[in-house]
Amino acid sequence: DHPFVGVWAVVVDGRVFIRSWNLNKRSWYATFREDPTGKIQAAGRELRVRAITKVPEKTKAAVDAAYAEKYDTPGAVKYVKGFARSKRRRDTTTELVPY
């Protein structure tokens with residue numbers, strides 16, 4: 001079991017995507033790479049999910065746009081740009097599907 005951590009999620013074409021800012025070996029991304037099944041908390045519920053970490057480039061571009069649209073406050077801009085400009089962070093784009 002792992003503790004829940006806050007992540008920024010976006011929806012593209014009805015699908016849920018997240019990205020990791022931290023790229024260390026103990027990140028949620030690394031954990032999902034080892035075992036793609038897990039749980040998220042949303043709207044006061046726990047939901048079982050499967051993480052899909054291989055996402056096509058076209059979808060990553062749509063996720064870039066979704067982050068820029070959703071997280072548009074001055075404090076969020078640094079992170080939105082970092083998600084889009086850093087190949088390593090962009091490559092952590094993960095789709096969460098019900099499991």
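**Exercise 1.** How many residues lie between S3 and S4 in their hairpin, and which residue in the turn has a positive phi?

*Solution.* S3 and S4 form a hairpin with two residues between them, and Ala 43 in the turn has a positive phi of about 55 degrees. Strands here are DSSP runs of E with at least two residues, helices are runs of H or I with at least four residues, and both are numbered from the N terminus. The model is a predicted one, in which local features need pLDDT of at least 70 and side-chain atom pairs count only at pLDDT 80 or more, while totals for chains, interfaces and linings use all residues. Residues are numbered from 1 along each chain as its sequence is written, and side-chain values use heavy atoms, with hydrogens and water left out. As a next step, examine the pairing: six bridges join S3 to S4, which run antiparallel, and the bridge partner of Ile 40 in S4 is Leu 47.

**Exercise 2.** Determine the strand order of the sheet and its edges.

*Solution.* Two strands pair if DSSP finds at least two bridges between them. By that criterion five strands form an open sheet in the order S1-S2-S5-S4-S3, with antiparallel pairing. The edge strands, each pairing on one side only, are S1 and S3 (37-42), and the twist averages 45 degrees from one strand to the next. At the S1 edge, four bridges join S1 to S2, and Ala 9 stands opposite Ile 18 in S2. H2 packs on the sheet, touching S1 and S2 (contact means heavy atoms within 4.5 Å).

**Exercise 3.** Describe how H2 and H3 are oriented and which residues make their contact.

*Solution.* The axes, which are lines fitted to C-alpha atoms over the stretch in contact, give angles from 0 to 180 degrees between N-to-C directions. Those of H2 (residues 57-70) and H3 (residues 74-85) come within 9 Å and cross at roughly 175 degrees. The two helices are therefore roughly antiparallel to each other (angles over 145 degrees). Asp 64, Tyr 67 and Ala 68 of H2 meet Val 80, Phe 83 and Ala 84 of H3.

**Exercise 4.** Place Tyr 67 within the nonpolar core.

*Solution.* A nonpolar core is a set of buried Ala, Val, Leu, Ile, Met, Phe, Trp, Tyr and Cys residues joined through side-chain atoms within 4.5 Å, where buried means under 20% relative accessible area with a 1.4 Å probe, protein chains only. The largest such core has 18 residues, and Tyr 67 is among those with the most contacts inside it. Leaving aside residues up to four places away in sequence, the residues that Tyr 67 touches include Val 10, Phe 17, Val 80 and Phe 83.

Technical notes. Angles under 35 degrees count as roughly parallel, over 145 as roughly antiparallel, 65 to 115 as roughly perpendicular and the rest as oblique. Buried means under 20% relative accessible area, exposed over 50%, partly exposed in between (1.4 Å probe, protein chains only).
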